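Student: I'd like a close look at one part of this model, starting from a single strand residue and what packs around it. Could you walk me through it, and then show me how the rest of the chain fits in?

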Amino acid sequence: MLFNRLQFYVFRQCVAAVLMTLGVILAAILLVDVVEQLRTVGGDADISVLTAISLSLMKLPMLTEHTMPFIILVGAIIAYSRLSRLTELPAMRAAGLSAWRFLTPMAVLALMLGLFAIFVLNPVGAHLNERFETTRASLTGAPVEGIAAERNGVWLRQGSETDQIVIHADTTGTEGIVLNSVDLFEFERIYTREQGTNDFTFRRRISADTATLKDGFWELINVVEQVPDLAPVHRDALSIPTDLDPAKLLDRFAAPSTVGFWRLPGFIAQTERAGLDASRYRMHFQSLLASPILYVAMALIGALVCLRLARLGGTGQLIAWGALAAIILYFVTEITSSLGAAGATSMPVAAFTPPLFALFAALTAIAYMEDG
């Protein structure tokens with residue numbers, strides 16, 4: 001059996017505190033975001049309060065994931081402060097119960113929430129955030145980050161001083177970098193000096209099974225080229241120059257936080273096969289794997305504050321120090337993630353070092369307080 005009755009009681013207190021903290025923080029986030037949707041989306045379209053609430057609810061899982069470390073921290077502080085205030089912690093200590101025994105339930109809860117966050121909350125949040133972007137674009141009439149993904153497919157346009165190409169695809173892969181069932185319509189630009197205008201004449205149509213955006217060109221596979229008054233020409237592959245930047249398109253359409261955990265390994269492989277830099281996505285994947293350790297560290301920091309509170313008092317100062325330590329840990333984690341994505345250090349080291357350091361520091365402090 002994982003817990004005895006006393007530990008199960010502490011576990012229930014921790015769950016209640018985390019749920020209360022979660023409810024308060026989510027209510028605050030929802031209230032602020034509804035007002036933001038009414039201000040931003042409502043400025044371009046006539047939307048009701050219910051529509052604004054539905055938009056905010058689509059963003060809520062991702063926002064919950066981002067705030068989960070602080071929810072666990074505050075939940076741990078509330079749970080163990082309540083146990084201390086009701087003299088239940090001193091009673092446990094007087095009965096000879098080790099601090100490790102009544103801190104274990106919070107650590108287990110944090111670990112469970114960490115696994116839930118990466119396996120369920122993160123994929124759901126990424127999916128709903130994509131729906132949010134699409135719904136907002138349909139309400140405002142704006143394309144989704146420069147690509148009009150409508151019922152009749154996806155449309156792109158590129159041009160130069162001599163020509164213009166309109167690209168249509170039925171579907172996309174790798175977040176707009178790979179197009180499926182593609183048609184390219186190329187027009188020649190004709191400048192009329194007398195009238196000072198630009199005209200376009202149709203030059204050719206190119207159909208392909210797939211088009212992959214690489215550095216400086218589109219790579220077309222299984223191509224049929226049709227030029228007016230000439231027979232169609234079949235090619236196995238064809239390259240079309242482009243000024244579209246694949247890295248910028250990838251950044252625009254697929255921020256690391258918008259790609260769910262289960263999709264990340266395949267997405268990284270596809271991105272690297274397309275010749276693009278997938279460092280930020282590999283770093284994000286490592287950070288997700290390390291997040292349960294971060295959650296446990298946050299839980300122990302919150303519990304550690306209240307463990308000293310039971311002996312020495314000083315509620316406000318100790319809680320302030322605990323919150324400061326958690327904030328520093330969070331920002332150090334963000335900084336090391338940026339260093340890992342930039343290649344300045346190993347990605348596993350960048351992802352796992354801050355939470356492991358915080359976890360071992362908290363365990364060391366507990367051991368020192370418990371055993372001297």
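Tutor: Let's start with V182 and its contacts: setting aside neighbours within four places in sequence, V182 touches I167, H168, A169, I206, S207, A208, D209, T210 and A211. Keep in mind that this is a predicted model. V182 sits in strand β4, which covers residues 178-192. With a relative accessible area of 1%, V182 is buried, because anything under 20% falls in that class. One of the contacts, A208, is 26 residues away from V182 along the chain, yet the two C-alpha atoms are separated by 5.2 Å.

Now hop over to T210, another name on that contact list. T210 belongs to strand β5, residues 197-214. Its surroundings take in residues from both directions along the chain: apart from neighbours within four places, T210 is in contact with L179, N180, V182, E219, L220 and I221. For L179, the C-alpha to C-alpha distance to T210 is 5.5 Å, at a separation of 31 residues in sequence. What about solvent? T210 has a relative accessible area of 24%, so it counts as partly exposed, whereas V182 at 1% is buried.

Carry on to strand β6, residues 217-226, where you'll find N222. Check the backbone there: N222 has a phi near 55 degrees, which is a positive value in a residue that isn't glycine. N222 is partly exposed, at 41% relative accessibility. A little further on, D229 lies in the loop between β6 and β7, the latter being residues 233-241. D229 is another non-glycine residue with a positive phi, near 70 degrees. Its relative accessible area is 82%, so D229 is classed as exposed.

The loop after that, between β7 and α5 (246-253), holds T242. T242 counts as buried, at 12% relative accessibility. Beyond its neighbours within four places, T242 contacts Q158, L213, G216, F217 and W218. Two of those names tie back to strands you've already met: L213 falls within β5, residues 197-214, and F217 within β6, residues 217-226.

Now for the helices. Counting everything, the protein chain has 9 helices and 7 strands. The one to look at for geometry is α2, residues 49-85: a straight helix of 37 residues would span 54 Å at 1.5 Å a residue, but α2 spans only 42 Å between its end C-alpha atoms. There's a kink of about 55 degrees at T67 in α2, shortly before the proline P69. Just past the end of α2, T87 has a positive phi of about 60 degrees.

I301 links up with this helix. I301 lies in α7, and leaving out neighbours within four places, I301 contacts L73, G322 and L329. L73 is part of α2, residues 49-85. I301 is buried, with a relative accessible area of 11%. Its C-alpha atom is 8.4 Å from that of L359, although the two are 58 residues apart along the chain.

L329 brings us to T333, which is found in helix α8, residues 315-341. The T333 side chain reaches the backbone oxygen of L329 at 2.8 Å. Beyond residues up to four places away, T333 touches L294 and P354. At 13% relative accessibility, T333 counts as buried.

These helices also meet around the largest pocket, which has a volume of about 680 Å³. The pocket is lined by 26 residues, and H66, H284, S287, E334 and S337 are the closest to its centre. At least two lining residues each come from α2, α4 (99-140), α7 (279-312), α8 and α9 (347-371). Which helix supplies the largest share of the lining? That's α7, with 9 residues.

To place all this in the whole chain: 44% of the 372 residues are buried. Of the contacts between residues at least 6 apart in sequence, 61% join residues at least 24 apart. The V182 and A208 pair, 26 residues apart along the chain, gives you one example of such a separation.

Key
Residues numbered from 1 in each chain as written. Predicted model: local features only at pLDDT ≥ 70, side-chain atom pairs only at ≥ 80, totals over all residues. Heavy atoms only, no water. Helix = DSSP H or I, 4+ residues; strand = E, 2+ residues; numbered from the N terminus. Expected span 1.5 Å × (residues − 1). Bend = angle between axes of the 7 residues up to and from the residue. Buried < 20%, exposed > 50% of the residue type's maximum accessible area, 1.4 Å probe, protein only. Polar contact = N/O pair within 3.5 Å; in protein donor to acceptor, adjacent residues only side chain to side chain. Contact = heavy atoms within 4.5 Å. 1 Å grid on protein atoms, 1.4 Å probe; cavity = no way out; pocket = protein on both sides within 12 Å on 5 of 7 lines; lining within 4 Å. Points joined across faces, edges and corners; volume = space filled by probe spheres on them.
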